[in-house]
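This report describes a two-part reading of a structure, from a helix pair up to whole chains. Please look at the sequence and the model before reading on.

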Amino acid sequence: MISGIFHSTYEKDMALRRTHAQKIRLVLIVIFILVFPFLANRYYLTLANQVGIAVIGAIGLNILVGYTGQISLGQGGFMAVGAYTAGILTARMGMPWWASTIVACFATALVGTVFGIPSLRLKGLYLAIATLAAQEIILWAVKNWDALTGGVDALVVPNPELFGIRMNTDFNFYWLVWILVVIVTIASVNLFRTHFGRAFIAIRDQDIAASVMGVDLFKYKLLAFAVSSFLVGLAGALTAHYRSIVTWERFTVDVSVTYLAMIIIGGLGSITGSYLGATFMTLLPVVLTNLGRAVKTSFPVIDSIIPFVQQGMFGLVIILFLILEPEGLNKIWKNIKDYFRLWPFSY
Amino acid sequence: MQRGFTSGLNSSRLEAGETQLKVEKIQLNFGGVTALFDVSLEVRQSEILAIIGPNGAGKTSLLNCISGLYHPQKGRIVYANGREHEITRMKPHQIARLGIARSFQNIELFRHMTVLDNLLSGAHVHMRSNLLSSLVYWGPAQREHIRFRRFVEDIIDLLEIEAIRSNTVGSLSYGLQKRVEMGRALAMQPSILLLDEPMAGMNSEEKEDMARFILDINEEHGVTIVLIEHDMGVVMDISDRIAVLNFGQKIGEGTPDEVRSNPHVVQAYLGEEKKSFPFKFSLKDENGNGNGNGSGAQVDHD
């Protein structure tokens with residue numbers, strides 16, 4: 001049992017992993033990520049890849065909504081920008097998939113910044129409506145700008161290859177997406193150790209005080225939109241290359257709401273929360289479907305109502321989460337850690 | 001007293017007594033309401049200037065004009081730190097960069113951050129590392145952040161908040177939050193520190209602590225302090241000069257003794273008019289017995 005954490009240098013005090021327990025946990029997680037693809041079958045690999053993409057998108061959205069406090073309903077639209085930029089550059093101009101992904105990230109960052117300009121005047125729900133407009137404008141452009149996007153028809157993207165190896169098989173893509181997840185995680189955790197991240201949080205907590213402390217609200221709000229959209233664009237571009245097909249249906253306002261749900265359920269303003277929320281929201285429908293199948297074989301009578309029950313369950317689970325732990329899965333995870341820190345003398 | 005400060009808390013380059021901030025005939029209107037009318041004020045290096053006045057007199061509006069939250073319709077505000085800057089139309093963050101820091105009447109800390117992060121965010125204007133090196137957090141960026149971590153430890157030491165440095169600010173008591181807020185402003189290494197009612201709502205012991213910290217900052221580091229305060233005892237005791245506002249106009253200015261004997265001031269505070277004013281604001285009575293509670297003006301009729 002430990003009585004406290006004491007460090008003798010500022011460097012150690014400021015380290016991300018300050019205790020042995022934290023270091024061991026990190027090593028276990030990394031080992032799990034490394035071993036998983038060799039144990040899992042294709043079905044679970046597909047899920048892992050979906051979760052990976054969702055984690056990147058959720059971290060992106062959390063930087064904007066959870067950390068900077070700028071509510072955005074434009075997630076789906078920004079993902080569409082990433083996906084279509086990557087898709088068009090690869091399919092029409094023959095750009096290598098990795099180059100088109102990088103360009104897509106920057107393009108989305110730019111579009112996100114432009115649509116972030118209203119945030120200088122609008123706050124809270126008003127900004128949410130402005131970003132909803134961004135979502136609709138982008139999707140409208142995607143559907144109607146036939147010459148560029150192919151309109152409502154699907155855009156077919158060639159399979160990504162690296163040194164002659166096809167990258168979007170489930171096994172290969174797993175490595176690609178999870179290496180990117182690790183890089184994105186390290187970068188965003190570092191971001192919130194520095195004055196950039198603190199300025200974002202300051203804007204969320206007290207924007208007037210932040211400006212009096214020397215934070216340029218104009219610059220940092222737009223920077224938050226840029227950084228966030230960069231990651232969201234990455235998630236969009238990865239979707240395009242993974243699926244080899246880009247359609248507008250994949251980026252509707254439903255996607256924006258789902259991602260918002262991810263970070264709210266996972267925990268606003270938390271990287272761990274982004275992981276938990278993305279995993280939860282990606283796997284919950286799958287679990288419910290499988291449960292439905294299991295029930296169907298035992299009770300064939302209720303076959304016809306199972307889809308409705310599934311949707312109802314989905315909503316119910318989310319509502320229960322919000323009532324029982326408004327601070328999200330991350331808070332539950334913290335409580336578990338706190339419990340075991342003092343275990344077995346938890347009084 | 002010797003403290004091992006790694007860097008000064010004061011970024012001013014002026015000699016004590018030189019004019020640091022000049023407010024020239026500013027007028028501030030909100031629609032038809034005139035919050036400030038023809039107010040002029042001078043702040044000199046290394047002094048403690050108190051701004052007093054009844055509620056609604058325009059004290060906070062004046063501070064908001066100086067820190068750029070409001071822009072006066074008439075008049076100008078000039079700040080000097082080796083070079084003259086007109087700050088009348090500047091944005092708050094630009095004024096902060098010049099070295100004017102402030103605290104707020106209603107605590108405006110970043111509630112979800114720890115005390116340490118709040119203090120570090122006060123040093124925001126001095127941090128130079130760019131976005132890319134911050135994302136990598138390696139080499140120069142890491143060294144810079146460690147340097148500032150060490151620097152805020154000096155402020156923690158000065159304000160005696162060692163025990164709460166990693167607590168979340170929202171969980172702290174009111175008095176401690178006020179102290180942390182002052183620390184955050186100090187982390188900017190200001191040349192002028194504006195304090196808006198730093199002792200409001202505190203008990204006498206907390207007020208004494210706060211007064212001691214303000215004097216420490218002023219005497220050890222030479223930081224100019226402009227404070228708004230309602231507690232006459234404290235104001236008379238610690239300030240070098242006092243400016244008095246009433247209904248948006250300046251009705252008096254001078255040393256505590258001058259202000260105490262200014263008929264306009266007495267009228268504003270007591271609503272009474274007499275030829276001579278035998279009033280006295282003091283913490284101590286004639287025999288030098290301390291007035292322990294130090295709350296409010298003590299008025300002696302001779």
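In chain B, Leu116(B), Leu119(B) and Leu120(B) of helix H3(B) are in contact with Phe148(B), Val152(B) and Ile155(B) of helix H5(B). Two residues are in contact if their C-beta atoms, placed from the backbone, lie within 7 Å. Helices (H or I, at least four residues) and strands (E, at least two) are DSSP runs, numbered from the N terminus. H3(B) covers residues 115–122 and H5(B) covers residues 140–159; their axes come within 10 Å and cross at roughly 105°. H3(B) is therefore roughly perpendicular to H5(B), a term for angles of 65 to 115 degrees. Axes are lines fitted to C-alpha atoms, for helices over the stretch in contact, with angles from 0 to 180 degrees between N-to-C directions.

The model is predicted: local features need pLDDT of at least 70, side-chain atom pairs count only at pLDDT 80 or more, and totals for chains, interfaces and linings use all residues. Residues are numbered from 1 along each chain as its sequence is written, while chains are lettered from A and ligands numbered from 1 in the order in which they are written.

Chain B is divided into domain 1 (16–99 + 190–302) and domain 2 (113–188), with bounds from an automatic or database domain assignment. Their contact takes twelve residues from domain 1 of chain B and ten residues from domain 2 of chain B. On the domain 1 side, helix H2 (92–98), strand E7 (192–196) and helix H7 (204–221) of chain B each supply at least two residues. H7(B) gives the largest share of that side, four residues.

Chain A meets chain B through 24 residues of chain A and 32 residues of chain B. On the chain A side, the elements giving two or more residues are helices H1 (10–13), H8 (170–191), H9 (195–205) and H10 (207–212) of chain A. H9(A) gives the most, seven residues.

The table lists contact residues by class: Ala, Val, Leu, Ile, Met, Phe, Trp, Tyr, Cys and Pro are nonpolar, Asp, Glu, Lys and Arg charged, and the others, Gly among them, polar.

| Contact | Nonpolar | Polar | Charged |
|---|---|---|---|
| H3(B) with H5(B) | six residues | no residues | no residues |
| Domain 1 of chain B, side touching domain 2 of chain B | eight residues | one residue | three residues |
| Chain A, side touching chain B | 13 residues | six residues | five residues |

Chain A has 15 helices and four strands. Its C-alpha atoms fill a box of roughly 65 × 60 × 45 Å, taken along the principal axes.

Technical notes
Angles under 35 degrees count as roughly parallel, over 145 as roughly antiparallel, 65 to 115 as roughly perpendicular and the rest as oblique.
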